[in-house]
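User: Please go through this structure with me in short questions and answers. I would like the reasoning before each result.

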Amino acid sequence: MIRILIWIGLMGYSTLLFATEWHATQGDMIEVHVHSNEPIQSLSCLGKTWPIQAMNNHEWRGWIGVDLKSKNKVYPIIWTTSSSHIKDSLRVQKGKFRISNITVKKKMANFDSKAIQRIRADQQAIGKTYDIKVDMKPDFSQVRIPVEGIESTPFGAQRYVNGQPRSPHAGIDIAAPKGSIIVAPLAGKVLLVEDMFLNGKLIAIGHGFGLVSLYAHLGKSFVQVGEHVKAGQAIAEVGMSGRSTGPHLHWGVRFNHARINPHSLLALKNL
Ligand SMILES: [Zn+2]
């Protein structure tokens, strides 16, 4: 195939006419590539800057996280070099998310002001981990599922608790026997270990690149804040702490704050 590249020079600004259109579904983390003779200095999309890595022969790659609630439309992808920009695009498709109903005891569905305060403080503590810089580069060839089991609630499910709508499910629930060993899906640094009101015992691990993974409703945990873990290292046991109707792992992934489907992280293994 003959590829004709036409460049328009305009006051030092260049545009590649035959740009690449990348496709993603709400909640996807994707790997994108570009060819550039000049070093790529940054990659931006969806109003954020994303991690990049040089490959061989003037090829560069980067990773973009599409939040669960990103609107389905086409977004520009901008690769910046010292003298120009390369423009690609990202088409985001709507996810097909399930509706999930759960019934819990009244005190776990309708909260008093003290409980609401605790829930807010928990959310803030988790939110803070998304901004902690972890000086590591995730090796996606190492990625693995933290525990084998049955996926009881998929990513993105719109939840109704006792008939009332709640925020969509920003992770996957993996039902597994109590005490099953949970392993780190990638190497990382433990950012948070805390007992929370809804999430129960929770661990957050930073993997570098702004990628953070969360593990909730745990039984015993084996790690401490500040500790480095290897991919495949045991971090905790499956439990049913917090608001949980049975033993399971809630596994969440955040990439640059975006709520990511853990399956799309697992899919990076085979690229
Ligand atoms: Zn969950």
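The exchange below deals with a predicted model and takes up its domains, its metal site, its sheets and one residue.

User: Which residue ranges make up the two domains?
Analyst: The chain is treated here as a predicted model. The centres of its two parts, taken over C-alpha atoms, are separated by 29 Å. The bounds are 7-93 for domain 1 and 99-270 for domain 2.

User: What area is buried between domain 1 and domain 2, and what share of it do carbon and sulfur atoms give?
Analyst: The contact involves 17 residues of domain 1 and 19 residues of domain 2. The area buried between domain 1 and domain 2 is about 1500 Å², and the share from carbon and sulfur atoms is 67%.

User: Which atoms coordinate the zinc ion, and at what distances?
Analyst: The donor residues follow the spacing H-x3-D-x76-H in sequence. Two of the residues at this site, His-169 and Asp-173, are both buried. The zinc ion is held at 2.0 to 2.1 Å by His-169 (NE2), Asp-173 (OD) and His-250 (ND1).

User: Which strands stand at the edges of the open sheet with the order 4-8-7?
Analyst: This sheet has 3 strands with antiparallel pairing. Each edge strand has a single partner strand, so one side of each is left without a neighbour in the sheet. On average, neighbouring strands here are turned by 20 degrees against each other, direction ignored. The edge strands are strand 4 (29-35) and strand 7 (52-54).

User: Which residue of strand 8 stands opposite His-35?
Analyst: Strand 4 and strand 8 (residues 59-65) run antiparallel and are joined by 7 bridges. Opposite His-35, strand 8 has Glu-59.

User: Is Glu-31 buried or exposed?
Analyst: Glu-31 has its place in strand 4. The cut-off for buried is under 20% relative accessible area. The value for Glu-31 is 12% relative accessibility, so Glu-31 counts as buried.

User: How far apart in space are Glu-31 and Leu-271, C-alpha to C-alpha?
Analyst: Leaving out residues up to four places away in sequence, Glu-31 touches Trp-22, Arg-61, Gly-62, Trp-63, Leu-268 and Leu-271. Glu-31 and Leu-271 are 240 residues apart in sequence. In space, C-alpha to C-alpha, Glu-31 and Leu-271 are apart by 8.3 Å.

User: Why is strand 18 described as largely enclosed by the rest of the structure?
Analyst: A residue counts as buried under 20% relative accessible area. Strand 18 covers residues 200-208, and it is largely enclosed because the buried residues among its 9 number 8.

User: Which residue of strand 18 stands opposite Asp-195?
Analyst: Strand 17 (residues 188-196) pairs with strand 18 in the antiparallel sense, over 7 bridges. The two strands form a hairpin, with 3 residues between them. Opposite Asp-195 in strand 18 stands Lys-201.

User: What phi does Phe-209 have in the turn between strand 18 and strand 19?
Analyst: Strand 18 pairs with strand 19 (residues 211-221) in the antiparallel sense over 6 bridges. Within that pairing, Gly-206 has Val-212 of strand 19 as its bridge partner. The two strands form a hairpin with 2 residues between them, and the phi of Phe-209 in the turn is positive, about 65 degrees.

User: Which residues are the bridge partners of Lys-189 in strand 18 and in strand 20?
Analyst: Strand 17 is joined to strand 20 (residues 228-229) by 2 bridges, and these strands run antiparallel. Strand 17 also pairs with strand 18 in the antiparallel sense. The bridge partner of Lys-189 in strand 18 is Gly-206, and in strand 20 the partner of Lys-189 is His-228.

User: Which residue of strand 13 stands opposite Ile-102?
Analyst: An open sheet of 3 strands in the order 11-13-14 has mixed pairing. Its edge strands, strand 11 (99-102) and strand 14 (164-165), each pair on one side only. Strand 11 and strand 13 (residues 158-161) pair in the parallel sense over 4 bridges. Opposite Ile-102 in strand 13 is Val-161.

Notes: Residues are numbered from 1 along each chain as its sequence is written. This is a predicted model: local features need pLDDT of at least 70, side-chain atom pairs count only at pLDDT 80 or more; totals for chains, interfaces and linings use all residues. Side-chain values use heavy atoms; hydrogens and water are left out. Two strands pair if DSSP finds at least two bridges between them. Axes are lines fitted to C-alpha atoms, for helices over the stretch in contact, and angles run from 0 to 180 degrees between N-to-C directions. Donors are N, O and S atoms within 2.8 Å of the metal (3.2 Å for Na, K and Ca); water is not among the atoms, so sites may look incomplete. Buried means under 20% relative accessible area, exposed over 50%, partly exposed in between (1.4 Å probe, protein chains only). Domain bounds come from an automatic or database domain assignment. Contact means heavy atoms within 4.5 Å. Buried area is the accessible area (1.4 Å probe) that two parts lose on being put together, summed over both.
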